[in-house]
Amino acid sequence: MLAGILLAAVAAATPSADIRSAVEAMTPRLQETRRDLHAHPELGNRETRTGKAVAERLRQIGLEVREPVAKTGVVGILRGGKPGPVAGLRADLDALPIQEKNDVPYRSLNPGVKHACGHDAHTTIALGVAEVLAGLKAKLPGTVVFLFQPAEEGPPEGEEGGAPLMIKEGALDDPKIGVLYGLHMDPQLDVGKVGWAAGPIWASSDRFAITVTGKRSHGAYPHTGLDPVPVAAEIVEALQLIASRQVDAQKPKVLTIGSIHGGNRFNILAEDVTMEGTLRALDEAVRSDLKTRMERTVRGIGEANGQPAVLRFVGGGNPVTLNDPALTRAALPALRRVFGDPGVIEVVPQMGAEDFAHFAKRIPAAYFKLGVRNEARGITAMIHTEDFDIDEAVLPLGVRGLAEVIWDHQTGQRGGR
Ligand SMILES: [Zn+2]
Ligand SMILES: [Zn+2]
C-alpha cells in the first residue's frame with residue numbers, strides 16, 4: 001500500500017508517462033523538422049532561414065521569443081505555472097562548408113554546405129523539449145530558457161558571433177539563467193546511449209597563426225637574402241617538442257599545424273612563410289602555459305636566425321568545456337529513466353572543442369553526448385565529414401532525456417532510479 005502511494009507520488013511528480021506520450025506523438029514531426037533543417041543548411045552568422053523557422057515554431061507553441069540575438073540567434077522563454085528556478089537549454093544552428101556526399105532524400109540543397117556536425121538534430125531536439133515542456137506548463141515550476149545560437153563553428157573572419165556574442169547580448173541575463181544544459185551528437189556512441197562526464201568534456205581550442213619574415217633573393221645565393229623556410233621548419237619541430245617534452249605527459253594536449261604557405265618558385269627564397277594551427281588542452285592552466293611557451297619558442301627561433309618570427313592567437317578561442325559535477329550527476333536518474341541503466345555511460349573527454357564552454361564558464365552546466373551510431377545501417381562516419389549522418393532514433397530519445405532532466409531540475413528532485 002505504502003509502496004503504491006510512493007509510486008503514485010513519484011509518477012505524479014515526474015510526468016514520465018506524459019513526456020513519453022507527447023514525444024511519441026511528435027516523433028514523425030521531429031524527423032520532418034530535422035530533415036528540413038538538414039536540407040537547408042546555413043553557415044555561421046548566416047542562419048536566417050533556420051533562425052526564422054525556430055522563432056516561428058517557438059511562437060506557435062506559446063513561448064516568449066526574442067530575436068534576432070547575436071545576429072541570427074533566437075531565445076525562447078517558457079514560464080511555468082509555479083514558482084521555481086531558471087534553467088536553460090542550448091542548441092546551435094550553423095552548418096559547415098562541406099559538400100554532402102550522402103544520397104539521402106533529405107540531402108543538402110545548398111551546394112558546399114552541410115549539417116556535418118548534427119546541429120540540425122540539436123535544434124530539432126531543443127524545439128521538441130520546448131514543445132513537451134510547454135504542454136506541461138501549468139505544472140512546471142520556474143522558467144526554462146531555450147538558447148538557439150548561431151556560429152558554433154566560429155563566425156566568419158572579422159565578425160563577432162557564437163556563444164560570446166550571445167552572452168554579450170544578454171542571452172543569459174533576462175531571466176537570469178541558473179543552470180544550463182547542452183548536447184551533441186556522438187557517432188562514437190551507439191544510438192540509444194548517452195555519454196556524460198563530471199568535469200571536462202571537451203578541450204579548449206586556440207587557433208594560432210605564425211609568420212616568419214624573410215627577404216627574397218636568388219636560391220643559389222641565400223646569404224644575400226633571408227630564407228624563412230628552414231626557420232619555419234625549425235619552428236614546426238620545436239613546437240612539437242613543447243607538447244612532447246615540456247609539459248607533463250599526464251596532461252592531455254594537442255598542437256597541430258594544419259597549413260604552411262610560402263614561396264612561389266623553386267629557385268627564389270620565399271618572402272615569408274605563414275603557418276596556421278590549433279592548440280588543444282583539457283586544463284586551463286596547461287592551456288595558458290602552452291601559449292606562453294609557444295610564443296617564447298617562436299620568437300626565440302626567429303631571433304636566433306635573425307628573422308622576425310611572430311606567433312599570434314586568432315580570436316579568443318574556446319575555453320575547456322567544464323561540466324559541473326553535481327549538476328551532471330543530478331541528471332543521471334532522469335537519463336536512466338529514458339536510456340536505461342546500461343545506456344547511460346561515463347565518457348572520457350575529447351580533444352574537440354565547443355563554444356558552449358563560454359556559457360559553462362559563467363554558469364553551472366551539464367553537457368551530454370547522444371549516441372547516433374548504427375553500424376548495421378552503415379551510420380558510422382565522424383562529425384565534420386562529408387558522409388556524416390545520424391540514426392534519427394536519437395531525436396525522440398534526446399527530447400525525452402532532456403525534458404526529463406530539466407523536469408527533475410525544476411522540481412528539485414531526482415525522480416528515482
Ligand atoms: Zn562541429
Ligand atoms: Zn557541433
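Student: Which word fits Glu153: buried, partly exposed or exposed?
Tutor: This is a predicted model in which local features need pLDDT of at least 70 and side-chain atom pairs count only at pLDDT 80 or more, while totals for chains, interfaces and linings use all residues. Residues are numbered from 1 along each chain as its sequence is written, chains are lettered from A and ligands numbered from 1 in the order in which they are written, and side-chain values use heavy atoms, without hydrogens and water. The relative accessible area of Glu153 is 27% (buried is under 20%, exposed over 50%, partly exposed in between; 1.4 Å probe, protein chains only). Glu153 is therefore partly exposed.

Student: Which residues donate to the zinc ion (ligand 1)?
Tutor: Donors are N, O and S atoms within 2.8 Å of the metal (3.2 Å for Na, K and Ca), and water is not among the atoms, so sites may look incomplete. Here the donor atoms lie 2.0 to 2.8 Å from the ion, with two OE atoms coming from one glutamate. The residues are Cys117, Glu153 and His384.

Student: What is the geometry of that site of the zinc ion (ligand 1)?
Tutor: Four donors are tetrahedral if all angles lie between 85 and 135 degrees; four are square planar and six octahedral if opposite donors are over 155 degrees apart and all others between 65 and 115; anything else is irregular. The angles among the four donor atoms of the zinc ion (ligand 1) run from 52 to 153 degrees. The site is irregular.

Student: How many residues separate Glu153 and His384?
Tutor: Glu153 sits in the loop between strand E4 (141-149) and helix H5 (162-168), and His384 in the loop between strand E14 (365-373) and H10 (helices, H or I of at least four residues, and strands, E of at least two, are DSSP runs numbered from the N terminus). His384 is partly exposed at 37%. The pair links distant parts of the chain, and the separation is 231 residues.

Student: Which residue coordinates both zinc ions?
Tutor: The zinc ion (ligand 2) has Cys117 (SG), His119 (NE2) and His184 (NE2) as its protein donors, 2.1 to 2.3 Å from it. The two zinc ions are 3.2 Å apart. The residue that coordinates both is Cys117.

Student: How far apart in sequence are the parts that Cys117 and His184 tie together?
Tutor: Both Cys117 and His184 are buried. Cys117 lies in the loop between strand E3 (82-92) and helix H4 (119-135), whereas His184 belongs to strand E5 (residues 179-190). The pair therefore ties together parts separated by 67 residues.

Student: Which strands stand at the edges of the eight-stranded sheet?
Tutor: This open sheet has the order E1-E2-E4-E3-E5-E14-E6-E13, with mixed pairing (two strands pair if DSSP finds at least two bridges between them). Within the sheet, E3 and E5 run parallel and are joined by four bridges. Each edge strand has a single partner, so one side of each is left without a neighbour in the sheet. The edge strands are E1 and E13.

Student: Which backbone oxygen lies 3.4 Å from a polar atom of the Gln410 side chain?
Tutor: Gln410 is part of helix H10 (residues 394-411). Gln410 has 4% relative accessibility, so this residue counts as buried. The backbone oxygen at 3.4 Å belongs to Thr143.

Notes
Polar contact = N/O pair within 3.5 Å; in protein donor to acceptor, adjacent residues only side chain to side chain.
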